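Reader: I want to go through the labels on this model and see what each one rests on. Put the cut-off beside the value each time, please.

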Amino acid sequence: MIESPCILVCSIDARTGYCFGCGRTVDEIAAWTMMTPERRREISMELPARLETVERKPRRETRRARMARERLTQGDDA
């Protein structure tokens, strides 16, 4: 089994090209299973510094929060 830094937050920062979750590039993510263990280790060592450079996206509104907001908005209209 190949270890992966993926934390299932798969979205790429447009400014840096790094994934918000793991810090890898799209090309690195695609090639990860074909890389040598040494290359994966090299990239893994760079990830903490990369993650410091990504612009954090605001958290997505959850369905529950959206429904609560909509209820409040509808209550204001009444």
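Reader: Let's start with Arg39: why is Arg39 called partly exposed?

Author: Arg39 has a relative accessible area of 35%. Buried means under 20%, exposed means over 50%, and partly exposed is what lies in between (1.4 Å probe, protein chains only). So Arg39, at 35%, gets the middle label. Before we go on, this is a predicted model: local features need pLDDT of at least 70, side-chain atom pairs count only at pLDDT 80 or more, while totals for chains, interfaces and linings use all residues. Residues are numbered from 1 along each chain as its sequence is written, and side-chain values use heavy atoms, with hydrogens and water left out.

Reader: How confident is the predictor in the chain, and which helix has the lowest mean pLDDT?

Author: pLDDT is the predictor's confidence in each residue, from 0 to 100. The protein chain averages 86, and 88% of its residues score at least 70. Helix α3 (residues 63-77) has the lowest mean of the elements, at 76, and α1 the highest, at 96.

Reader: What counts as a helix here, and how many are there?

Author: Helices are DSSP runs of H or I with at least four residues, strands are runs of E with at least two, and both are numbered from the N terminus. By that rule the chain has three helices and zero strands. Along the sequence that reads α-α-α.

Reader: What makes Glu42 and Arg39 a salt bridge?

Author: Their closest N and O atoms are 3.0 Å apart. A salt bridge is a side-chain nitrogen of Lys or Arg within 4 Å of a carboxyl oxygen of Asp or Glu, so at 3.0 Å the pair passes. The two residues sit three apart in helix α2, which means they are separated by about one helical turn. Glu42 is partly exposed, at 43%.

Reader: Why does the Glu38 and Arg41 contact get the same name?

Author: The closest N and O atoms of Glu38 and Arg41 are 3.6 Å apart, and that is still within the cut-off, so the name applies. This pair is also three residues apart in helix α2, about one helical turn. Glu38 counts as partly exposed at 44%. The whole structure comes to five salt bridges by this rule.

Reader: Why do you say that Arg15 and Glu55 tie parts of the chain together?

Author: Their side chains meet in a salt bridge of 2.7 Å, N to O. Arg15 lies in the segment before α1 and Glu55 in the loop between α2 (37-53) and α3, so the pair ties together parts that are 40 residues apart in sequence. As for cover, Arg15 has 51% and is called exposed, whereas Glu55 has 45% and is called partly exposed.

Reader: How do you know whether Glu28 and Arg50 are buried or exposed?

Author: Glu28 has a relative accessible area of 9% and Arg50 has 10%. Both values fall under the cut-off for buried, so that is their label. Glu28 is in helix α1, Arg50 is in helix α2, and the two belong with Glu46 to a network of salt bridges. Across the chain, buried residues make up 22% of the 78 residues.

Reader: What makes Ile12 part of a surface patch?

Author: Ile12 has a relative accessible area of 35%. Patches take residues with over 30% and no salt bridge, joining like charges within 9 Å and nonpolar side chains (Val, Leu, Ile, Met, Phe, Trp, Tyr) within 5 Å. So 35% clears the accessibility condition for Ile12. The nonpolar patch it makes with Val26 and Ile29 covers about 220 Å².

Reader: Why is Arg24 said to lie over a ring?

Author: Arg24 is 4.7 Å from the ring centre of Trp32, over its face. The rule asks for NZ of Lys or CZ of Arg within 6 Å of the ring centre and within 35 degrees of the ring normal. So 4.7 Å satisfies the distance part.

Reader: And what is unusual enough about Leu8 to be listed?

Author: Leu8 has a positive phi of about 65° although it is not a glycine. Leu8 lies in the segment before α1, and at 74% it is called exposed.

Notes
Areas by Shrake-Rupley, 256 points an atom, 1.4 Å probe, with all protein chains shown as cover.
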